[in-house]
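Here are some exercises to work through with the model open beside you. Try each task before you read its solution.

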Amino acid sequence: MSTDQQDDQDEDTLVNVADGVDHQVAMVMDLNKCIGCQTCTIACKSLWTEDGGSEYMYWNNVETKPGEGYPRGWEDSGGGWESEEHSDRSPGEIPDEEDYGRAWEFNHSEIMYEGSDEPLRPREGAEWGPNWDEDQGAGEYPNSYYFYLPRICNHCTHPSCVEACPRSALYKRQEDGIVLVDQDRCRGYRYCVEGCPYKKVYYNTVSKKSEKCIFCYPRIEGEGPDGETFAPACAEECPPQLRMVGFLDDEEGPIHKLVEEYEVALPLHPEFRTQPNVYYIPPFAPGQHTEDGETVDIDRIPRQYLRNLFGDGVDEALDTIEAHRQRVRQGGDSELMELLQDKNPAKQYRLEVFDDE
Amino acid sequence: MTDHRRTLALTAVLAGLIVISTVAAPLASARPAHEIPVREVSDANLDEPDADGWEAVPASDVPLASAPSSVPNADDTSIETVDVQAARTDERLYVRLEWHDATRDMDASATREFADAVAVQFPANTSSRPPIAMGGPDNRVNVWYWSGATGTQELLAGGAGSTTAFENPTVQANASHAGTGGNATWTVVYSRPLDVSGENRTDLRTDGDLDVAFAVWNGSNGERSGQKAVSEWHYYPFSGGPQGPPYETLLWTIAGIAIVAVVGVTSFGIYRTRGVE
């Protein structure tokens with residue numbers, strides 16, 4: 001592509017891609033489809049974090065909201081930017097082992113080899129774990145509520161982890177904006193760990209270096225056995241297929257339509273100002289019930305809670321989706337509803353659109 | 001007349017003493033502030049922190065202060081001074097560093113755990129003095145680094161954030177932590193052969209002064225990277241006997257001449273007054 005054409009394209013699109021980055025990978029997760037099965041978590045873990053020192057890491061995790069999350073209390077752990085100028089970072093904290101949740105030891109040997117008839121259970125110290133508060137949620141019967149929130153690195157447009165590293169060991173790669181840790185440059189200072197407001201950079205306690213989600217870049221580069229391109233494992237392995245993967249600046253793709261046109265896919269905690277490139281379709285829930293079991297027109301998930309998570313855009317996003325649902329119910333057509341269903345005409349994974357450049 | 005002669009002689013002796021004391025004394029006594037003596041030794045029993053050979057090597061107290069750095073909490077450092085000794089044999093340079101640290105932080109295998117560390121910095125090219133903060137792109141530094149968690153590294157840096165480890169390190173270090181509480185100290189002995197191959201390594205056979213600086217990290221205070229206690233540039237006087245900066249000698253000489261002149265003029269005044277009588 002010539003420079004002129006590139007300039008033309010830049011003028012045509014309003015997509016805010018980071019300086020020095022050609023295209024930006026992005027993901028949309030539809031929270032209405034997540035069943036909390038953790039298949040994404042295990043797909044990721046078995047690919048990338050099974051070696052010594054990374055036992056506690058879940059580059060992909062699924063947490064129950066409302067809830068403490070993983071690591072515990074990450075939303076209040078600091079990091080991110082003070083202002084939209086992206087000049088001053090907010091200080092952050094490094095979570096400790098207890099916040100991440102230690103791997104528990106079980107009484108397998110007693111039961112399997114020593115004839116003990118006690119039940120299988122953790123030996124001791126089982127007081128917190130990545131999903132300790134799973135399905136707990138909030139609210140009182142009959143109006144309790146919760147939903148699942150799958151999280152990976154947001155591969156932010158303004159990554160505060162990158163800025164936090166005094167050695168430039170973290171970088172946002174030019175071709176697709178994936179944020180990576182150069183293992184040769186990293187000296188284990190952990191400023192990235194504390195600087196990421198999502199706590200999605202992890203310290204490997206054996207290699208003494210930091211690691212993070214790599215958006216399965218070998219898969220999207222076609223490094224597999226047959227040279228095929230695959231979406232990240234967390235997306236491909238998802239039973240309800242709730243994730244779309246592509247480029248934010250691919251204007252024909254579903255991600256661009258959902259994020260930029262319909263504005264129904266929203267970043268998590270935009271107030272951290274890192275401009276995430278993972279977006280969420282906010283969750284719907286049935287209306288509240290009276291004690292007699294009748295449904296009333298009151299949000300089960302408090303709207304303010306969703307605003308705290310996804311910003312003020314959540315009201316309009318939910319209204320837009322609701323309007324399109326109504327249109328389809330009445331026999332009309334809706335591109336938005338098709339995008340959000342499996343008859344998605346724009347393809348769920350679009351990772352090769354810029355391959356010819 | 002006898003009185004006059006006696007007064008004159010006394011004045012001359014006094015003036016002579018003053019000249020000797022003012023000019024000679026400062027050169028012979030106090031070592032220049034940034035000089036760290038190096039003992040030239042033939043015996044090389046210096047590898048270990050508690051080796052006997054160190055007893056005969058003079059020590060210098062080097063003050064430390066928080067390094068200017070953009071990392072969070074850069075001002076929060078806890079080590080205020082490091083005791084430095086240096087000795088050179090025909091084959092190796094030995095540097096021994098000792099500082100107080102109540103906790104022995106040897107590990108970085110928990111997410112919030114940092115190890116104690118210490119470093120010695122030299123110019124990679126001894127012909128000029130690099131910027132103190134990890135050198136500069138055109139004026140690099142060699143760093144001898146030891147950390148409780150990762151051991152010894154020989155590093156090259158050309159400015160903050162550029163630190164890179166040599167693949168085949170030539171620096172050795174032995175460390176020990178002794179004592180408890182406020183009296184607990186770390187002692188680390190570095191050594192490197194004077195003759196090593198490869199580019200970007202400091203020439204330790206230099207006949208000129210060798211610039212040197214020091215840094216200490218207290219792991220239990222979260223110190224790492226630019227959050228460290230550092231010294232200013234000091235130097236090892238490989239050029240021979242102790243030498244102060246020339247302006248110091250110059251100032252003392254001027255002061256001495258001035259004192260002699262004042263004493264002389266005063267004596268002459270007294271002499272003339274008495275002569276008039």
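A residue is called buried if 20 or more other C-beta atoms lie within 10 Å of its own, exposed if 12 or fewer, and partly exposed in between, with C-beta atoms placed from the backbone. This is a predicted model, in which local features need pLDDT of at least 70 and side-chain atom pairs count only at pLDDT 80 or more, while totals for chains, interfaces and linings use all residues. Residues are numbered from 1 along each chain as its sequence is written, and chains are lettered from A and ligands numbered from 1 in the order in which they are written.

**Exercise 1. Decide whether Y236(B) is buried or exposed, and describe its surroundings.**

Step 1: Count neighbours. Y236(B) is buried because 22 other C-beta atoms lie within 10 Å.

Step 2: Place the residue. Y236(B) sits in strand β14 (residues 234-236) of chain B; helices (H or I, at least four residues) and strands (E, at least two) are DSSP runs, numbered from the N terminus.

Step 3: List contacts, meaning C-beta atoms, placed from the backbone, within 7 Å. Leaving aside residues up to four places away in sequence, Y236(B) touches I36(B), V38(B), A86(B), D209(B), L210(B) and V212(B).

Step 4: Compare sequence and space. D209(B) is 27 residues from Y236(B) in sequence, yet their C-alpha atoms are 5.5 Å apart.

**Exercise 2. Find how many residues of helix α9 of chain A are buried, and what they pack against.**

Step 1: Of the 8 residues in α9(A) (254-261), 6 are buried, so "mostly covered" is a fair label under the cut-off of 20 or more neighbours.

Step 2: The buried ones are P254(A), I255(A), H256(A), K257(A), L258(A) and V259(A).

Step 3: Their packing partners in chain A are β1 (25-30), β8 (243-247), β10 (278-281) and α12 (335-339).

Step 4: Look just past the helix, where E263(A) has a positive phi of about 55°.

**Exercise 3. Which residues have the most contacts inside the largest nonpolar core?**

Step 1: Such a core is a set of buried Ala, Val, Leu, Ile, Met, Phe, Trp, Tyr and Cys residues joined through C-beta atoms within 7 Å.

Step 2: The largest one has 79 residues, and V28(A), C192(A) and A265(A) have the most contacts inside it. Its largest share, 5 residues, comes from β1(A).

Step 3: Follow one of them outward. Beyond four places in sequence, A265(A) touches V28(A), L258(A), V259(A), Y279(A), Y280(A) and I281(A). A second, separate core has 52 residues, including V212(B).

How values were computed:
Contact = placed C-beta atoms within 7 Å.
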